[in-house]
Amino acid sequence: MSLRFLIAFISTALFASALFAQDKSQPTVDELVAKNIEAKGGATALHDLQSLRLTGKLLVQLQGQIELTYLQIKKRPDEVRTEASLQGMTQIEAYDGKEGWKVSPFFGRKDPERMSADDVKALVEDSEIDGALVDWQTKGSSVEYLGTEDVEGTPAHKLKVVRKNGDVSFVYLDPDHFLEIRILTERTRHGAHEEVETDLGDYEKAGGVFVPTSIESGPKGAADKQKIIIDKVEANVPIDDAIFHFPGQISLPQPQG
């Protein structure tokens, strides 16, 4: 073997060895999801968390900053209601596990209206107490690890979640604490491609589970995203299912057994 071919052979072998070592050091999806569950408080605490009531304020940039009173209530398995109030008017968006509806007084609509399938997608995601990664197989999603990516100076673990409805969420986990610090969701809404970026932080513990109390969300790259600051987190509070249903709708009792 000539010296030139010997050098090429050694270089190739070393490169392959480095790639193999790099692959072995890369975490798997299962490992990252397990660390995420542990970071949130563990599987038992997550299972025992049946409802959340979050109160605080919503900051919106509209010719200056406007502050609204904010309330969000979540209840398993997949119910959510969000309210934003200002000067006696309350914007409501709710999902009862089957359909979504809203009241939009700031747009001159004071009567409840059912939401389209496209508009309700974000509410379905909001209803998840655990987030997109926990029980992803049961939810019919697929998850792929894409390595690390810089998020405001942090080399975050990036996971691609494809939901059963086709929406794609890129979930970024802090490399030290393994909690979500950013979620970028891509979906088609009313025929147009939409990218919504949500930054999460200031986690606080409630009912044994860590919950983000700083949530900044808006179109990807936008400078004037809305910000939610949660002042109070209440876990496992009693909640009447009626608040999630379209007003006037009669809910049938659930079968016992």
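Which side chains meet in a salt bridge at 2.7 Å, N to O? The side chains of Glu-83 and Arg-81 do, and the legends below take this pair and several other details of the predicted model in turn.

**Figure 1. Overview of the predicted model, with its helices and strands.** The protein, shown here as a predicted model, has four helices and 13 strands. Of its 257 residues, 41% count as buried. Among the contacts in the protein with a separation of 6 or more, 42% are accounted for by residues that stand 24 or more positions apart.

**Figure 2. Close-up of the salt bridge between Glu-83 and Arg-81.** The structure holds 23 salt bridges, and the one in this view brings together the side chains of Glu-83 and Arg-81, with 2.7 Å from N to O. Both Glu-83 and Arg-81 are buried. As a general point, side chains of opposite charge can pair when their charged atoms come close.

**Figure 3. Close-up of Lys-121 and Asp-167, a salt bridge between a helix and a loop.** The side chains of Lys-121 and Asp-167 meet in a salt bridge of 3.5 Å, N to O. Lys-121 belongs to helix H4 (residues 117–126), whereas Asp-167 sits in the loop between strand E8 (154–162) and strand E9 (168–173), so the pair ties together parts that are 46 residues apart in sequence. Lys-121 is buried, and Asp-167 is buried as well.

**Figure 4. Close-up of the network of salt bridges that includes Glu-194 and Arg-189.** Linked in this network are Asp-118, Asp-119, Lys-121, Glu-125, Glu-128, Lys-139, Arg-163, Asp-167, Arg-187, Arg-189 and Glu-194. Within the view, Glu-194 forms a salt bridge with Arg-189, and the closest N and O atoms of the two are 3.4 Å apart. Arg-189 has a relative accessibility of 32% and therefore counts as partly exposed, since that class lies between 20% and 50%.

**Figure 5. Close-up of helix H2 and its buried side.** Helix H2 (residues 29–40) is made of twelve residues and reaches 17 Å from its first C-alpha to its last, which is close to the 16 Å expected at 1.5 Å a residue. The buried residues of H2 are Val-29, Leu-32, Val-33, Asn-36, Ile-37, Ala-39 and Lys-40. They cover an arc of only 165° around the axis, and so they are placed on the same side of H2. On the other side of H2, Asp-30 and Glu-38 are exposed. The buried residues of H2 pack against helix H3 (43–48), and also against the strands E7 (142–151), E8, E9, E10 (180–189) and E12 (209–219). Just after H2 comes Gly-41, which takes a positive phi of about 135°.

**Figure 6. Close-up of Glu-144 in strand E7.** Glu-144 lies in strand E7 and, with a relative accessibility of 44%, counts as partly exposed. When its neighbours within four places in sequence are left aside, Glu-144 is in contact with Val-29, Lys-158, Leu-159 and Lys-160. Between Glu-144 and Val-162 there are 8.7 Å in space, C-alpha to C-alpha, although the two are 18 residues apart in sequence.

**Figure 7. Close-up of the second largest pocket.** Rolling a probe the size of a water molecule over the atoms shows where empty space is left. About 550 Å³ of space lies in the second largest pocket. Its lining consists of 21 residues, and those nearest the centre are Asp-78, Val-124, Glu-128, Lys-139 and Lys-164. H4 gives the largest share of this lining, with five residues.

**Figure 8. Close-ups of a cis peptide bond and of two residues with positive phi.** Most residues other than glycine have a negative phi, and most peptide bonds are trans. In the first panel, a cis peptide bond joins Arg-76 and Pro-77, with omega about 5°, and Pro-77 is found in the loop between strand E2 (65–75) and strand E3 (79–86). In the next panel, Asp-135 has a phi near 55°, a positive value in a residue other than glycine; Asp-135 is found in the loop between H4 and E7 and is partly exposed, with a relative accessible area of 44%. The last panel turns to Asn-236, whose phi is near 55°, again a positive value in a residue other than glycine. Asn-236 has its place in the segment after strand E13 (226–235), and at 39% relative accessibility Asn-236 counts as partly exposed.

Technical notes:
Residues are numbered from 1 along each chain as its sequence is written. This is a predicted model: local features need pLDDT of at least 70, side-chain atom pairs count only at pLDDT 80 or more; totals for chains, interfaces and linings use all residues. Side-chain values use heavy atoms; hydrogens and water are left out. A salt bridge is a side-chain nitrogen of Lys or Arg within 4 Å of a carboxyl oxygen of Asp or Glu. Buried means under 20% relative accessible area, exposed over 50%, partly exposed in between (1.4 Å probe, protein chains only). The expected span of a helix is 1.5 Å times one less than its number of residues. The arc is that of the directions from the helix axis to the C-beta atoms. Contact means heavy atoms within 4.5 Å. On a 1 Å grid over the protein atoms alone, a cavity is a set of points where a 1.4 Å probe fits but cannot get out, and a pocket is an open set with protein on both sides within 12 Å along at least five of seven lines; lining residues have an atom within 4 Å of a point. Grid points are joined across faces, edges and corners, and a volume is the space filled by probe spheres set on the points.
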